[in-house]
Amino acid sequence: MTISKEELLHLFEKWNSLTALVVGDVMIDCYYWGKVERISPEAPVPVLHVQKKESRLGGAANVALNVKNLGATPIICSVVGDGSKGDVFRKILMEGNFSTEGIIDSIERMTTMKTRIMSGSNHLLRVDEEITTPLNATDERNLLECIRNILNKQKVDVIIMEDYNKGVLTPKVIETVIAIAQEKNIPTAVDPKKENFFAYKNVTLFKPNLKELLEGLKLDFGNEDSTALKNAIVELEQKISNSISLVTLSEMGVMAKSQQEFVHEPAHPREIMDVSGAGDTVISTAALALAAGADLQTITSLANLAGGLVCENVGVVPVDKEHLLEEALKQIA
């Protein structure tokens, strides 16, 4: 990391004054924790004796949680169902002191819930309850009106779009949010998925993982082929005209590009427990570093470091700011 200790401390302090608008697919991450001590007599499946149940913020809401843990103020803009799961989601938000002004209720949608069945640190099963169809015209219009109102009445330093292909980020929502951001000179950071991969034209920072990049460009090569990767990033930028590309490479770390500069940050040795939610942490850290004026090397280094740290925990958890600072200072030393 090329940044000095003083500059790093200033950067982390600056995050405390930033506001990030997070637009995308929110969800509830529900966990059943317990022990498996026998096989069911009804079928050859394990019987989980449930000892604890908990619900956490997931998807774009987990991005907001990471933003908050890093010291900034998040505002979530999304659409949820108006049933009991929507009530649970709002309750989690309020308990965490998050604003609910950007949450739109829809009578035609359900709130996405991912339920994970866990025995110790072992992931036995995941059950998804969701609707993945795009927003209807009414919900789309209500969401965009809400986003405009928020951006017109308060200062936002960065807009993060978190796409899980659950239907909130329609082509019209994407195009409109990017246009508003450009009009107001707000940087944009995107964590894409397959369906709208090339819809994010003219964003500031675009963060696919290698699998998403290969699928989007219809290419096939391994994460160790740096020449092919660099060529793919150049091809991507020719298609969407983004300013910064940041590609996560799993155990190979992160490759980033801005203008003609390429940066590769190798992964740090970690005891990997669970990679769930690591992408949320990477985009949150990168977006705040971008908004704070960090250079490409610093953005890449901090995002790579933060993503690795959360993989040491079981389940979807946000990054710990003090732990990240401690690890980042070690990289400088």
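**Exercise 1. Find which residues gather in the patch of positive charge on the surface, and place lysine 194 among the strands.**

Solution. In this predicted model, the patch of positive charge on the surface is made up of Lys194, Lys201, Lys218 and Lys239. To place one of these residues along the chain, look at lysine 194, which sits in the loop that runs between strand E9 (188-191) and strand E10 (205-206). The next step is to ask how open this residue is: lysine 194 has a relative accessible area of 55% and is therefore exposed, since exposed means over 50%.

**Exercise 2. Work out how many disulfides the structure holds, and examine cysteine 146 as a test case.**

Solution. Begin with the cut-off, which asks for a pair of cysteine sulfur atoms within 2.5 Å. For cysteine 146, the closest cysteine sulfur belongs to cysteine 77 and lies 4.8 Å away, so the two are too far apart for a bond. When the rule is applied, the count comes to zero disulfides. As a further step, consider the surroundings of two cysteines: cysteine 146 has a relative accessibility of 10% and counts as buried, and cysteine 30, with a relative accessible area of 2%, is buried as well.

**Exercise 3. State how many salt bridges a search of the whole structure finds, and describe the one between glutamate 95 and lysine 91.**

Solution. The search of the whole structure gives 16 salt bridges. One of them joins glutamate 95 to lysine 91, where the closest N and O atoms are 2.6 Å apart. To see how these two residues are placed along the chain, note that both belong to helix H3 (residues 84-95) and are four residues apart, so that about one helical turn separates them. Finally, glutamate 95 is exposed, because its relative accessible area is 54%.

**Exercise 4. Lysine 330 forms salt bridges with glutamate 326 and with glutamate 327; describe both pairs and decide whether each glutamate is buried or partly exposed.**

Solution. Take glutamate 326 to start with: its closest N and O contact with lysine 330 is 4.0 Å, and the two residues lie four residues apart in helix H10 (residues 321-332), about one turn of the helix. Then turn to glutamate 327, for which the closest N and O atoms in the salt bridge with lysine 330 are 3.2 Å apart; here the partners are three residues apart in helix H10, again separated by about one helical turn. For accessibility, glutamate 326 has a value of 43% and is partly exposed, whereas glutamate 327 has a value of 11% and counts as buried. Their partner, lysine 330, is partly exposed at 48%.

**Exercise 5. Name the residues linked with Lys52 in a network of salt bridges.**

Solution. The network links Lys52 with Glu54 and Arg56.

**Exercise 6. Identify the residues of the nonpolar patch on the surface, and find which strand gives its largest share.**

Solution. The patch is formed by Val36, Leu124, Leu125 and Val127, which together have about 290 Å² of accessible area. Its largest share, three residues, comes from strand E7 (residues 122-129). Valine 127 is found in this strand E7, and with a relative accessibility of 36% valine 127 counts as partly exposed.

Definitions and conventions
Residues numbered from 1 in each chain as written. Predicted model: local features only at pLDDT ≥ 70, side-chain atom pairs only at ≥ 80, totals over all residues. Heavy atoms only, no water. Patch = residues over 30% accessible without salt bridge, like charges linked within 9 Å, V, L, I, M, F, W, Y side chains within 5 Å. Areas by Shrake-Rupley, 256 points an atom, 1.4 Å probe, with all protein chains shown as cover. Salt bridge = Lys/Arg side-chain N within 4 Å of Asp/Glu carboxyl O. Lys, Arg positive; Asp, Glu negative; His and termini not counted. Charge placed at Lys NZ, Arg CZ, Asp CG, Glu CD. Buried < 20%, exposed > 50% of the residue type's maximum accessible area, 1.4 Å probe, protein only.
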